[in-house]
Amino acid sequence: MKFFIDTANLSQIKEANDLGILDGVTTNPSLMAKEGIKGNDAVIQHYKTICEMVNGDISAEVISTDFAGIIEEGKKLAAIHKNIVVKVPMIKEGIKAIKWFTDNGIKTNCTLVFSAGQAILAAKAGATYVSPFIGRIDDSSWDGVQLIEQIANIYGVQGFKTEILAASIRNALHIVKCAEAGADVCTCPLDSILGLLKHPLTDIGLAKFLEDAKKFA
Ligand code: G3P
């Protein structure tokens with residue numbers, strides 16, 4: 001399973017990348033706004049910087065909702081760097097645009113996916129990635145991980161090549177559950193990635209080893 005970080009924050013991207021286990025980055029308009037990035041040039045420059053920092057797929061989201069606008073915006077984003085993946089919302093115009101990008105060799109991430117039916121459409125259009133938002137599904141008292149399992153089953157049975165990118169991860173357990181359920185990628189906040197490190201017995205065991213090491217140092 002690949003690990004992406006879900007942020008536009010450069011220091012968090014650096015910290016995750018320094019671990020040596022980072023395969024890519026996902027962003028969205030809310031995450032970009034959180035970093036105070038304003039204006040088209042600043043947005044493009046920010047994506048360039050991320051592409052230079054991380055050697056992997058970098059999702060950059062369009063904000064147009066009509067076919068022509070999505071295509072125009074997506075082409076500009078894709079021109080920034082070979083690793084840019086154009087992130088397109090799961091809407092009718094978005095599906096048409098994903099098919100166009102697929103036919104023109106541009107990688108896509110179909111975002112805002114909340115059902116298996118939507119995931120089938122994304123795969124039919126040839127999306128490189130499909131992003132089910134598991135945390136937001138859990139928030140509405142449905143089971144986000146169960147959706148990952150269902151999509152993995154459908155894609156396996158049907159032979160779809162689209163990769164399942166579990167998004168809206170809220171904690172380390174989500175990552176473990178998504179790995180079990182067959183996600184190809186988890187895009188996570190830094191805290192959730194670092195949460196995987198934690199176990200009290202590791203800390204207790206290390207403290208004891210270091211204490212005992214003093215006896216022969
Ligand atoms: O990038 C999309 C997704 O990961 C958003 O997560 O926490 O805003 O539901 P969240």
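In what sense do strand β6 and strand β7 pair, and over how many bridges? I would like to start there, and I should say at once that what we are looking at is a predicted model. Strand β6, residues 129-132, and strand β7, residues 163-166, pair in the parallel sense, and they do so over two bridges. Within that pairing, tyrosine 129 is placed opposite glutamate 163 of β7.

Moving along from there, β7 also pairs with strand β8, which covers residues 185-188, again in the parallel sense and over two bridges. Here it is alanine 166 that stands opposite cysteine 186 in β8.

Now to the sheet as a whole, which is a closed barrel of eight strands, running β1-β2-β3-β4-β5-β6-β7-β8 with parallel pairing. If we ignore direction, neighbouring strands of this sheet are turned against each other by 30° on average.

Elsewhere in the barrel, strand β3, residues 57-61, runs parallel to strand β4, residues 84-89, and four bridges join the two. In that pair, glutamate 61 is found opposite lysine 87 of β4. Helix α4, which spans residues 67-78, packs on the sheet and touches both β3 and β4, and its direction makes about 160° with that of β4.

Lysine 87 brings us to the ligand, since the residues surrounding the ligand are Asp6, Asn28, Lys87, Phe133, Arg136, Ala167, Ser168 and Arg170. Sorted by class, this shell holds two nonpolar, two polar and four charged residues.

For those of you who think in terms of atom pairs, there are three distances to put on the table. A polar side-chain atom of aspartate 6 lies 2.5 Å from an oxygen atom of the ligand. For arginine 136, an N or O atom of the side chain is 2.7 Å from a ligand oxygen, and for arginine 170 the corresponding distance, again from a side-chain N or O atom to an oxygen atom of the ligand, is 2.9 Å. As for the area, the ligand taken alone exposes 320 Å², and the protein buries 81% of that.

Let me finish with one residue in a helix, isoleucine 154, whose place is in helix α8, residues 144-158. Leaving aside residues up to four places away in sequence, isoleucine 154 touches Ala116 and Ile120. The C-alpha atoms of isoleucine 154 and alanine 119 are separated by 9.2 Å, with the two residues 35 apart along the chain.

Note on methods
Residues are numbered from 1 along each chain as its sequence is written. This is a predicted model: local features need pLDDT of at least 70, side-chain atom pairs count only at pLDDT 80 or more; totals for chains, interfaces and linings use all residues. Side-chain values use heavy atoms; hydrogens and water are left out. A residue is near a molecule or strand if one of its heavy atoms lies within 4 Å of it. A polar contact is a pair of N or O atoms within 3.5 Å; within protein, one must be able to donate a hydrogen and the other to accept it, and residues adjacent in sequence count only if both atoms are side-chain atoms. Accessible areas come from the Shrake-Rupley method with a 1.4 Å probe; for residues, only the protein chains shown count as cover. Ala, Val, Leu, Ile, Met, Phe, Trp, Tyr, Cys and Pro count as nonpolar, Asp, Glu, Lys and Arg as charged, and the others, Gly among them, as polar. Two strands pair if DSSP finds at least two bridges between them. Axes are lines fitted to C-alpha atoms, for helices over the stretch in contact, and angles run from 0 to 180 degrees between N-to-C directions. Contact means heavy atoms within 4.5 Å.
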